[in-house]
Amino acid sequence: MVVVRRVRLGGRKENEEMASSSRLSLDRLSFILCAGGRLCGDASRRASTKSATLKRLLGYIRSPGDSKMGANASQLEKELNSDHVLNNEHFYGLINFGNTCYCNSVIQALYFCRPFRERILQYKTQLKKSGNQKENLLTCLADLFHNIANQKRRVGTIAPKRFITKLKKENELFDNYMQQDAHEFLNYLLNTISETLSEERRENATRQNGTLKKSTFLHSSNPVSCSNGVDTSPIGPKPSTSASKSEPTWIHEIFMGTLTNETRCLNCETVSCKEEEFLDLSVDVERDASLTHCLREFSATETLRGDQKYHCENCCSKQEAQKRMRIRKAPPMLALHLKRFKYLDNLGRHAKISCRVPFPLELRLFNLSDDASGSDRLYDLVAAVVHCGSTPNRGHYITVVKASSFWLLFDDDIVDKIEPNTIEDFFGLSESGVQKNSESAYILFYQARDFANGSTLLTADAHHNSF
C-alpha cells in the first residue's frame, strides 16, 4: 500500500487516503478528490477514458514543495510553444472558491471566444484611458482577462477573487455554497454586461445633453422649453436615452440571433410570424440523437388542436394550426444549451439526462427560415462547458477549449492538453441516460468562420416567412 498525501481540497485542510499500489481505484479516488472541496464521486468515466480522468485527478496530488502547476505546466508550455499561432495566448487555470466551478468553466469558455475576449480587453484599455475607478462585474471581468493576457508565463493559475466577490455581492443567488447552474450564470453574466454597457451609453448621452442644455440655458429666457427637449435630470423621460437603450451592444453583435415563430391557420392558410431575439438556444436532448437532430426537432412542426387551438385573427376564432420555430438570423457566436436537467414525472423531481448527444466540431445550421441571413454559414466548435455528475444538485463543471491545433481541458486551476478524439468522451452515455454519472457537454460555443471581431453589424430584415 502507498499513501496518497496532501490532497488539496479547494484550499481546505489536507487529507490522507490510502490507495492500492498495484491499482488505484478511479471510482474511489473520484470520491476522495473533487475540485472546490466537494465530495461528488462524479468523475468516473467509461473504461476507455479512465486513464485520462485519473491523470486529471492525480493533478491535485502534490508534495509540499510543488508549485501551482509544477512540472506539468512546464511540459504543457513547451508543447504550446511549438505552435507559433499561439505565441500570444495564455492558458491559466482559475482557483475554485468552494463551489465556483460553474463560474470558472463559463469564464474559461468565454475567454476562448476570441471576439468576446477582444471586446473585453478593449473595454479595459478604454477604462485605463478614462481613469474611471468604478467597480462592477464588467470591470472585474475586464481586470481578470487583462491579468491573464499579460502574464509573463503562458501557463499558470490565477485566483478570480475580485470577480467572485463582486458576483456574490451583486446577486445573492450566487452568494452561497450551493450547487449552481452554469447556464443560468452565463445568461446572468451576458445580460449584466449588456445592461452595464447600455447604462454607460445613457450616462455619456446625459452628460453630452447636459452640456448642450447648459449652453441653451445661457441663450434662452425660458430654460424649460429647450430646443432639443431633453430633460437632464436623473429622473424622468429622456428621448435620447430611450433611443440609446434600444440600441444593441457588442454583446448582441457577438451572441444575438433572431428566431421567427411561424403559425399557419389550417382553416384560412394565413401565416403569422412573430420574432424574438436570443443570446443562446436551449434545445431538448434525445437518447443517441445528434446535435443536428436536436436542432431539427427544435424547429419541427407542431399541430395545435383541442385546448391548444390557435386564435386566428383572420378567422376571428380559434382554429387548428401548425406552428414551428426557425432561426432567422444566426449569430456570429452560437451558444447552444443542451437541456440535460429536467423534471421527470416518474421520479417526481428534477434529474440529469446523461444520454449520448454527439456534437460535431464543424456545424452547419439546417433549421433556418427561408429568408434567413447567412444560410450557408459554417461554425467551428471553440469551447464546451461540461457537467460531471449524476444529478442537477451534485456535480462539477469543467471546460474544453480549442486553441489553434490544440484541445485543452480546464478543470478549475488544472490545465491539461487532451487529444481531439477525447471530445467524444463528453457526448454522454450510450446506456440509460438518467441518474447516471457522466461527463456530458452542457453548453456548446460555436464560432462562425466568417466572423471577425467588429465586422458583424446587426441589420433589420423583412419578417415574412412561408412554410
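**Entry 1: two helices side by side**

I began with α6 and α7, which are roughly antiparallel to each other, because an angle over 145 degrees counts as such and theirs is about 165°. I noted that this is a predicted model, and I kept that in mind for each entry below. Two packed helices are described by the angle between their axes and the distance between the axes. For this pair I wrote down that helix α6 covers residues 137-149, that helix α7 covers residues 161-170, and that their axes lie 9 Å apart. I then looked at the handedness and found that α6 passes α7 in a left-handed crossing. On the α6 side the contact is made by Leu137, Cys140, Leu141 and Asp143, while α7 brings Arg162, Phe163, Lys166, Leu167 and Glu170 to the contact.

**Entry 2: a threonine in α8**

Next I looked up threonine 196, which I found in helix α8, a helix of residues 182-218. Is threonine 196 buried or exposed? Its relative accessible area is 11%, so I entered threonine 196 as buried, the limit for that word being under 20%. Leaving aside residues up to four places away in sequence, I listed Asn136 and Leu138 as the residues that threonine 196 touches.

**Entry 3: aromatic pairs**

A pair of aromatic rings is described by the distance of the centres and the angle of the planes. With ring centres within 6.5 Å taken as a pair, the count comes to 15 aromatic pairs. I looked at phenylalanine 116 and tryptophan 250, whose rings are 5.9 Å apart from centre to centre, with 65° between the planes, and which form an edge-to-face pair. This pair links distant parts of the chain, since phenylalanine 116 belongs to helix α5 (residues 114-130) and tryptophan 250 to helix α10 (residues 250-255), 134 residues apart. I also checked how far each is covered: phenylalanine 116 is buried with a relative accessible area of 0%, and tryptophan 250 is buried with 11%.

The pair I turned to after that was phenylalanine 341 with tyrosine 442, whose ring centres are 5.0 Å apart and whose planes stand at 50°, so I wrote the pair down as tilted. Phenylalanine 341 lies in strand β13 (residues 341-344) and tyrosine 442 in strand β21 (residues 438-448), so the pair ties together parts that are 101 residues apart in sequence. I found both phenylalanine 341 and tyrosine 442 to be buried.

I then followed the ring pairs from residue to residue, and they link Phe91, Tyr111, Phe112, Phe116, Phe145, Trp250, Phe255 and Phe410 into a cluster.

**Entry 4: charges over rings**

Tyrosine 111 came up again here, as the charged end of arginine 117 sits over its ring, 4.1 Å from the ring centre. I noted a further case in lysine 168, which lies over the face of tyrosine 177 at 4.8 Å from the ring centre.

**Entry 5: positive phi angles**

Which residue in the loop between β5 (257-265) and β6 (271-278) did I look up? It was glutamate 269, which has a positive phi of about 70° although it is not a glycine. Glutamate 269 is partly exposed, with a relative accessible area of 46%.

Aspartate 412 also has a positive phi, of about 55°, without being a glycine. I located aspartate 412 in the loop between β19 (406-411) and β20 (414-418), and at 5% relative accessibility I entered aspartate 412 as buried.

Note on methods. Residues numbered from 1 in each chain as written. Predicted model: local features only at pLDDT ≥ 70, side-chain atom pairs only at ≥ 80, totals over all residues. Heavy atoms only, no water. Phe/Tyr/Trp six-rings, centres within 6.5 Å; stacked < 30°, edge-to-face > 60°. Helix = DSSP H or I, 4+ residues; strand = E, 2+ residues; numbered from the N terminus. Buried < 20%, exposed > 50% of the residue type's maximum accessible area, 1.4 Å probe, protein only. Lys NZ or Arg CZ within 6 Å of the ring centre and 35° of its normal. Axes fitted to C-alpha atoms, helices over the stretch in contact; angles between N-to-C directions. Parallel < 35°, antiparallel > 145°, perpendicular 65-115°, else oblique. Left-handed = near helix turned anticlockwise from the far one by under 90°. Contact = heavy atoms within 4.5 Å.
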